[in-house]
Amino acid sequence: MSKRNEYEEKLLKSLENSVREEGAELLDLRLLRESGNMILRLIIDKRGGVGLDDCERVSHKVDPQIDAVGESRHDFLEVSSPGLERPLTELRDFLLHLDEWVDISFYTKRQGSKILHALLLEANETALKVKTESGEELSLKREELAQVKRSLEIQ
């Protein structure tokens, strides 16, 4: 993703606490041109995932604040979740999704495979602790991990 401009950074900083008050984290904010319109897109996340009600609450909360920051540069405000396909990369991403199933890709084979499906138990700056489907607990160095994504687990 490209770097945020000064306006986007200012908005991001001014909205983070309001989003947090609604029980979510503001992961990203972008001003984009789509189909001739300027879209202000906020990406939010929370433990257990984001639903339509969360997006609606955040939208109502931040809309007046955006106008207060200064000249409005967008035609539409869009608040959405990052989706299952968004890789977890930052420590806060991992912490938001503790006790959820993830699909982990490794740079090199580990126990004969480059992919692991596991329950995310703990996370810090350098490692993840996971539990495999067979119940084995593993500590994985984050530098070994090519990608980590949330997994839809159907019971």
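The following questions and answers concern the fold and the largest pocket of a predicted model.

Local features need pLDDT of at least 70 and side-chain atom pairs count only at pLDDT 80 or more, while totals for chains, interfaces and linings use all residues. Residues are numbered from 1 along each chain as its sequence is written, and side-chain values use heavy atoms, without hydrogens and water.

Q: Which pattern of helices and strands does the protein follow along the sequence?
A: Helices (H or I, at least four residues) and strands (E, at least two) are DSSP runs, numbered from the N terminus. The protein has 3 helices and 8 strands. Read along the sequence, their pattern is α-β-β-α-β-α-β-β-β-β-β.

Q: What percentage of the residues in the protein is buried?
A: Buried denotes under 20% relative accessible area, with a 1.4 Å probe and protein chains only. Of the 155 residues in the protein, the buried share is 39%.

Q: What share of contacts between residues at least 6 apart in sequence joins residues at least 24 apart?
A: A contact requires heavy atoms within 4.5 Å. Among contacts in the protein between residues at least 6 apart in sequence, the share joining residues at least 24 apart is 53%.

Q: Which element gives the most residues to the lining of the largest pocket?
A: Two elements, β1 (25-34) and α3 (91-96), give two or more residues to this lining. The element that gives the most, with 3 residues, is β1.

Q: How many residues of the lining of the largest pocket are charged?
A: Asp, Glu, Lys and Arg count as charged. The lining also holds 4 nonpolar residues and 1 polar residue. Its charged residues number 7.

Definitions and conventions. Buried means under 20% relative accessible area, exposed over 50%, partly exposed in between (1.4 Å probe, protein chains only).
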